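Got your viewer open? Let's take a short walk through the strands, one selection at a time.

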Amino acid sequence: QVQLVESGGGLVQPGGSLRLSCAASGFTLDYYAIGWFHQAPGKEREVVSCISKRDGSTYYADSVKGRFTISRDNAKNTVYLQMNSLKPEDTAVYYCAAVAYYGLGYVPHRSYEYTYWGQGTQVTVSS
């Protein structure tokens, strides 16, 4: 059974940091692209960052470039999202998603491209 479980969300002050984890079970991430998306109340789900497992290519939304870093731990079958310099506008539910992907040079980064989704973890940035 394919499952993605996010963790690491919480309440943090502006300028603070959080590290989100996406643990996969039921499949290995070797030939999957993994994406992080977020959805704020009343807004559409938006891409945050994605990583192509095959060659490690990454994609970042303009709003998080230089602040967020996506990475993976193959041994733990887990992908991380390190979020630094957090802003109130980063407040949202964060979801990880996976899709089987074998290509090079392109990182899937649209929500409709992804097959499997986690349940989400809440991130709140507030003083």
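Which residue is the bridge partner of glycine 35 in E5? Select cysteine 50 and you have it: that is the residue in E5 bridged to glycine 35. Keep in mind as you click around that this is a predicted model.

Now widen the selection to strand E4 (residues 32-39) and E5, which run antiparallel and are joined by six bridges. The two form a hairpin, with six residues between them. Stop at glycine 42 in the turn, where phi is positive, about 80 degrees.

Stay with strand E5 (residues 46-52) and switch on a surface. Six of its seven residues are buried, so the strand is largely enclosed by the rest of the structure. Next, add strand E6 (residues 58-60), which is antiparallel to E5 and joined to it by three bridges. To find one of the pairs, pick serine 49: its bridge partner in E6 is tyrosine 60.

Next stop: valine 93, in strand E9 (residues 92-100). Show its contacts beyond four places in sequence, and you get Phe37, His38, Gln39, Gly120, Thr121 and Gln122. Try a C-alpha distance to proline 41 too: the two are 52 residues apart in sequence but 8.6 Å apart in space.

Finally, colour the open sheet of four strands, ordered E1-E3-E8-E7 with antiparallel pairing. Strand E1 (3-7) and strand E7 (68-73) are its edges, each pairing on one side only. Neighbouring strands here are turned by 15 degrees against each other on average, direction ignored. Inside the sheet, six bridges join strand E3 (residues 18-25) to strand E8 (residues 78-83); among them, alanine 23 has threonine 78 in E8 as its bridge partner.

Note on methods
Residues are numbered from 1 along each chain as its sequence is written. This is a predicted model: local features need pLDDT of at least 70, side-chain atom pairs count only at pLDDT 80 or more; totals for chains, interfaces and linings use all residues. Side-chain values use heavy atoms; hydrogens and water are left out. Contact means heavy atoms within 4.5 Å. Two strands pair if DSSP finds at least two bridges between them. Axes are lines fitted to C-alpha atoms, for helices over the stretch in contact, and angles run from 0 to 180 degrees between N-to-C directions. Buried means under 20% relative accessible area, exposed over 50%, partly exposed in between (1.4 Å probe, protein chains only).
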